[in-house]
Amino acid sequence: MDAAGTEKPSLLLKTLKPIGIIGYGAYVPRYRIPAAEIARIWKGAEGSLPVKEKAVPGLDEDVITMSVEAARNALARAGIDPQELRAVWVGSESHPYAVKPSGTVVAEAIGASTNIQSGDWEFACKAGSEALVAAMGLVGSGMGRYALAIGMDTAQGKPGDALEFTAAAGGAAFIVGPAEEALAVIEGSYSFVTDTPDFWRREGKKYPEHSQRFTGEPAYFHHITSAAQTYLEDSGTKPEDYTFAVFHQPNAKFPQRVAGMLGFKPEQIKTGLLVPEIGNTYAGSSLIGLSNVLDVAKPGDRILTVSYGSGSGSDAFGLLVTGAITERQGKALKTRDYIARRTEIDYAQYVRLRRKITME
Amino acid sequence: MEIPRHWRLKKQRYALVGEVCPHCEAKIFPPRDVCPHCSGEAKTPYQFSGQGEVYSYTVMNDAPAGFEENTPYTVAVVKLAEGPMVTAQLTDLGAEPVKIGMPVEMVTRRIRSDGNDRGMIVYGYKFRPVMQ
Amino acid sequence: MTEVVIAGIGMTPVGEHWDLSLRTLAARAILSAEKDAGGLKPQALYIGNFLGSMVSHQANLGALITDNSGLGGIESFTIEAAEASGAAALHMAYLAVSSGFVDTAMALGVEKVTDMTDGVEKILATGLDFDYEGFEGVTPAAQAALLMQRYIYQYGVGHAAFNWLPLLAHTNAVHNPNAMYRKALKPEVLQSAPPVVDPLTLYDIAPYADGAAAVILTRSGLLPKKPVQKPVRLLGSSVITDALALYDRPDPLRFEAARRSVEQACRQAGILPGDVDLFEVDDFTSIYAVLALEAAGFALPGEGTQLSERGHVPLLTMGGSKARGCPVGASGLYQVCEAVTQLRGQAGALQVPGARLAMTQSLGGPASTAVTHILKV
């Protein structure tokens, strides 16, 4: 109620039917380049580095192959027939094709039926959570029983640019289904969007551009806090109600600072904060943080996830973990299994793996 | 460009979909027109588990045209858990040397581009050392 | 059955014939065989060729080659069985002559590999199951490597156990005027050679080269009273196939088609493999020679590499594919021409004393096709 005593309508996106996450799965490629190795090439002095290291895809990997593996993990946890999916959606800013959907390849590879929605999503780093919110709508409206949403990236960073230290590869897949089958019930979501050009990549360009310090306060912080505060307010929850919170993580500092601004404590965000170890996986960033949280969550835990995509917008959504989580956690490889699989590479190998050497 | 050929073979390549013989129950990969065991007509799709072990392997240092970008790469004959063998590349090999008998699992990866980097990307099965 | 005899043979030197085209190589072998046969001309020409349509962009070789070689108008077409194409063409000529369909037929093996400066490996890989082997980046050498790796593992032998084969090939090729490499190898060079397709070293793989070889067949009754050359009888000719893909075989280390082809050809000839005075085995790679020797019954499975110590029938008497050079689809007819040279007693320094009975075997792929011939004077 506001000061005048009138009821303020809730801005939460609530579905007609109760829904939840019934399966999830992560993927991180095995190669890691330490930030110090990038600094060795581009900066003489050891400045403060935004992450320890970042994950780099192999030569035979891309958003499609990584999505396939994350989706297979999600299906293993969900225990459903892939033929029952009604949507296979991939959110990314590094789709292998400029024109031709990633989702069709993923759908065929995981054995989905032909009765699906399968467009690609693009909204910088929130393409994956945007797909997830759409999946909530599809399932929550009763249009379909199950929908698969994936956030996955092999992010590009211009050689020598600040983003090169963090632009990483990885992500996670989520299957949305009826709440009664869920390992975590989705309590609601809220999205906050403005036109704020802090980061972009023009058509046909290899690398993105960013607006330096403008990416902070008016972009990342304003959108995440706006989305999170509205979500908390309209869902009637407080930071202390959540066992875990996951915020988009372009570097290690931003999510920690935004957590503090919103009243979350370091231990609430610790589990979901993977950026120091794998880098910023862009469309996968907040979602892989969430998958790591789900790997260890217990029944009754509440989880708040807030993504951020440049351009700009944030999706906030709350989960309530159910008793089903315990037996499903072990049904597929965990996020940490992929993080632990690690082959360190130097800058020369990195240049090759990222196809910065032209062969013709 | 050889789009129809890649398109036609996508099921088996993306997901290791073979066949089970409706007459003698033999698991068949890749799909065939006639069962090699009982000579009956084979056409019932069967999803292989993707688990197997290395029967033999070699390293390609001098790649044929179309595979230069990934050189050197390891190719193997993999014996699938269900019985048949399949020829495929190994990927995500760590420091551990490849050994005959090593357990491997199927992953879907980029095999190559059809033509140059303007062509379609062809995806297919590879095998990696079993994780966990 | 009517007796089929080899009335003439012709070969070009094997090598990098930058200045010779496919048709000219063919014409040289054809003319040379006709001359060797005292001017005998064939009524049909069967051409063994694997790569022409891809490397030289030339198909319909029957019309091209007959027209260019002064044989215009006769029956002629290409037989393709990968590396065994030439030997398979001889089988066709054998069928044509023994059936009485023609009196005289010629088998020609011709290959021109050096018209392309790169990309030939990919073309050679068309002899594999392209959808499931070639597509994975596998080449003929890789297949041999997969087999050798497994052989070494399964039978506990070292790579060095294979070295006697290239050593023998190079030793013999020194005296073969048609050979590509006429230089003996030092054992220590072989010992220290690094793997190129692990575990295969450079010396395990026969070098692809240009070449053409031709054989004229007729029936014994049709030979002139005083033939120019001592006629060599073709007593057995067998073509057997196996699963094309290695992975489709119950035991890839058993060259089943090679075994059955020897068995069939020997039965036809009324001999046993052990009766032959020399065996031109296919040494496209050392491992193939070992597996073929085992398949032919000269050694038990897993013991083929031991033949160097145990003693063996004369092999690769003119240098084999390894040192004579491997003109791919023509190599099977080189083997036959070389065996004929031995049986006629014309092999000079390489002469196998008293050679009267010879066996040749050409393999397409890892014995996906095996062609065996038995020759006798």
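Start with chain A of this predicted model, and colour its two domains separately. Domain 1 of chain A and domain 2 of chain A bury about 3800 Å² between them, and carbon and sulfur atoms give 60% of that area. On the domain 1 side, select A:C125, A:K126 and A:Q156: these residues lose the most area to domain 2 of chain A, together 15% of what that side buries.

**The two domains of chain A**

To set the colours, use the domain assignment, which gives residues 19-183 + 327-353 to domain 1 and residues 188-322 to domain 2. The C-alpha centres of the two domains are 16 Å apart. Across the boundary, 54 residues of domain 1 are in contact with 48 residues of domain 2.

Next, show the side chains of A:R336 and A:E277. They form a salt bridge, with the closest N and O atoms 2.7 Å apart. The count of salt bridges between the two domains is four, and the count of residue pairs in polar contact, both at pLDDT 80 or more, is 27. Several elements give two or more residues to the domain 1 side, among them β1 (19-27), β6 (146-154), β7 (169-178) and α11 (335-340) of chain A. Select α4 (127-140) of chain A as well; α4(A) gives the most to that side, with seven residues.

**A three-stranded sheet in chain A**

Stay in chain A and show the strands as ribbons. Select β3, β2 and β14, which form an open sheet in the order β3-β2-β14 with mixed pairing. The edge strands, each pairing on one side only, are β3 (53-56) and β14 (343-344) of chain A. Strand β2 (residues 31-34) of chain A runs antiparallel to β3(A), and four bridges join the two. To see one of the partners, pick A:I33, whose bridge partner in β3(A) is A:K54. Now add helix α1 (residues 35-42) of chain A: this helix packs on the sheet, touches β2 and β3 of chain A, and has a direction at about 55° to that of β2(A).

**From chain A to chain B**

Bring chain B into view beside chain A. Here 26 residues of chain B are in contact with 26 residues of chain A. The two chains bury about 2300 Å² between them, with 47% of it on carbon and sulfur atoms. Select B:E69, B:R110 and B:M131, which supply 26% of the area that chain B buries against chain A, more than any other three residues.

How many salt bridges are counted between chain B and chain A? The count is nine. For one of them, show A:R355 and B:E69, whose side chains meet at 3.1 Å, N to O. The count of residue pairs in polar contact between these chains is 19, both residues at pLDDT 80 or more. On the chain B side, α2, β7 and β8 each supply at least two residues. The largest share, five residues, comes from β7(B).

**From chain B to chain C**

Hide chain A and turn to chains B and C. Of the two pairs of chains in contact, chains B and C share the most contacts. In this pair, 34 residues of chain B are in contact with 28 residues of chain C. Chains B and C bury about 2800 Å² between them, 59% of it on carbon and sulfur atoms. Select B:Y55, B:T87 and B:I100, which supply 21% of the area that chain B buries against chain C, more than any other three residues.

Then show B:R5 and C:D131, whose side chains meet in a salt bridge at 2.8 Å, N to O. The count between chain B and chain C is two salt bridges, and there are 12 residue pairs in polar contact, both at pLDDT 80 or more. The elements that each supply at least two residues of the chain B side include α1 (3-8), β4 (51-60) and β6 (85-90) of chain B. The largest share of that side, six residues, comes from β4(B).

Bring chain A back: no contact joins chain A and chain C, and their closest C-alpha atoms lie 12 Å apart.

**The sheet in chain C**

Last, select the strands of chain C. Nine of them form an open sheet with mixed pairing, in the order β3-β2-β4-β7-β1-β8-β11-β10-β9. The edge strands are β3 (75-79) and β9 (278-280) of chain C. At one edge, β9(C) pairs in the parallel sense with strand β10 (residues 357-364) of chain C over three bridges. There, C:L278 stands opposite C:A358 in β10(C). Finish with helix α9 (residues 256-269) of chain C, which packs on the sheet and touches β8 (232-241), β10 and β11 (369-376) of chain C. The direction of α9 makes about 145° with that of β8(C).

Methods:
Residues are numbered from 1 along each chain as its sequence is written. Chains are lettered from A and ligands numbered from 1 in the order in which they are written. This is a predicted model: local features need pLDDT of at least 70, side-chain atom pairs count only at pLDDT 80 or more; totals for chains, interfaces and linings use all residues. Side-chain values use heavy atoms; hydrogens and water are left out. Two strands pair if DSSP finds at least two bridges between them. Contact means heavy atoms within 4.5 Å. Axes are lines fitted to C-alpha atoms, for helices over the stretch in contact, and angles run from 0 to 180 degrees between N-to-C directions. Domain bounds come from an automatic or database domain assignment. Buried area is the accessible area (1.4 Å probe) that two parts lose on being put together, summed over both. A polar contact is a pair of N or O atoms within 3.5 Å; within protein, one must be able to donate a hydrogen and the other to accept it, and residues adjacent in sequence count only if both atoms are side-chain atoms.
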